[in-house]
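Here are a few exercises to work through at your own pace. Try each task before you read its solution.

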Amino acid sequence: MTAMSFQHHMQLMEQCIANCQQCLVRCEECAETCLTLGERVPQMADCLRLCRDCADTCTQSVRFMARGSRFHGNMCAVCADVCAACATECEAHADVDACRRCAEACRRCEQSCREMGQMAA
């Protein structure tokens, strides 16, 4: 890897870490909000589950990238898929502010993680 490509890779990784961290916070906020929606809570079960999965996957991706794991690209590829699923579910509940914000964060994270997954492939 050339010095330029290494520097570019590190910049993308730093941005991906930031996007993953923001996504996991938004997912946790969304999951908590889903639990407070009264009669609507049963309708939000998939949203809640996906938010929890997404937050956990983002956390693992950050950890893999931070320690320079040779598997960080694989982890980021999985994270991108989970983020996409979570975003799609949250977009279906865009009338709830926390879901809308979560979907936006998931889409940013999905894009960053796809880039990391492709670079490491």
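**Exercise 1.** In which helix does histidine 72 lie? Decide also whether histidine 72 is buried or exposed, and list its contacts beyond the sequence neighbourhood.

Before the solution, two notes on the model. This is a predicted model, in which local features need pLDDT of at least 70 and side-chain atom pairs count only at pLDDT 80 or more, while totals for chains, interfaces and linings use all residues. Residues are numbered from 1 along each chain as its sequence is written, and side-chain values use heavy atoms, with hydrogens and water left out.

*Solution.* Step one: histidine 72 belongs to helix H3, residues 72-91. Helices (H or I, at least four residues) and strands (E, at least two) are DSSP runs, numbered from the N terminus. Step two: histidine 72 is buried, because its relative accessibility is 10%. The classes are buried (under 20% relative accessible area), exposed (over 50%) and partly exposed in between, with a 1.4 Å probe and protein chains only. Step three: with neighbours within four places in sequence set aside, histidine 72 contacts His9, Met13, Phe64, Met65, Met116 and Ala120. Contact here means heavy atoms within 4.5 Å.

**Exercise 2.** Which salt bridges does arginine 100 form with aspartate 97 and glutamate 104, and how are the partners spaced along helix H4?

*Solution.* Start with the rule: a salt bridge is a side-chain nitrogen of Lys or Arg within 4 Å of a carboxyl oxygen of Asp or Glu. Next, take aspartate 97, whose side chain meets that of arginine 100 at 3.6 Å, N to O. These two sit three residues apart in helix H4 (residues 97-120), about one turn of the helix. Then take glutamate 104, which pairs with arginine 100 at 3.5 Å, N to O. Here the spacing is four residues, again in helix H4 and about one turn. Finally, check accessibility: aspartate 97 is partly exposed at 46%, arginine 100 at 32% and glutamate 104 at 39%. Elsewhere, shared partners link the salt bridges of Asp81, Glu91, Arg107, Glu110 and Arg114 into one network.

**Exercise 3.** How far apart are the closest N and O atoms of arginine 49 and aspartate 46, and how many salt bridges does the rule give?

*Solution.* The closest N and O atoms of this salt bridge are 3.4 Å apart. Arginine 49 and aspartate 46 are separated by about one helical turn because they are three residues apart in helix H2. The count by this rule comes to nine salt bridges.

**Exercise 4.** Which residues gather in the patch of negative charge, and which helices each supply at least two of them?

*Solution.* First, the members: Glu28, Glu32, Asp53 and Asp56 form this patch on the surface. Second, the helices: H1 (3-34) and H2 (45-66) each supply at least two. Third, one member up close: aspartate 56 is in helix H2 and counts as exposed, because its relative accessibility is 52%.

**Exercise 5.** Where is valine 41 found, and how far is its C-alpha from that of glutamine 60?

*Solution.* Valine 41 is in the loop between H1 and H2, and at 28% relative accessibility it is partly exposed. Valine 41 and glutamine 60 are 19 residues apart in sequence, with their C-alpha atoms 28 Å apart in space. Leaving out residues up to four places away in sequence, valine 41 touches Cys34 and Leu35.

Note on methods:
Patches are made of residues with over 30% relative accessible area and no salt bridge: like charges are joined within 9 Å, nonpolar side chains (Val, Leu, Ile, Met, Phe, Trp, Tyr) within 5 Å. Accessible areas come from the Shrake-Rupley method with a 1.4 Å probe; for residues, only the protein chains shown count as cover. Lys and Arg count as positive and Asp and Glu as negative; His and the chain ends are not counted. The place of a charge is taken as NZ of Lys, CZ of Arg, CG of Asp or CD of Glu.
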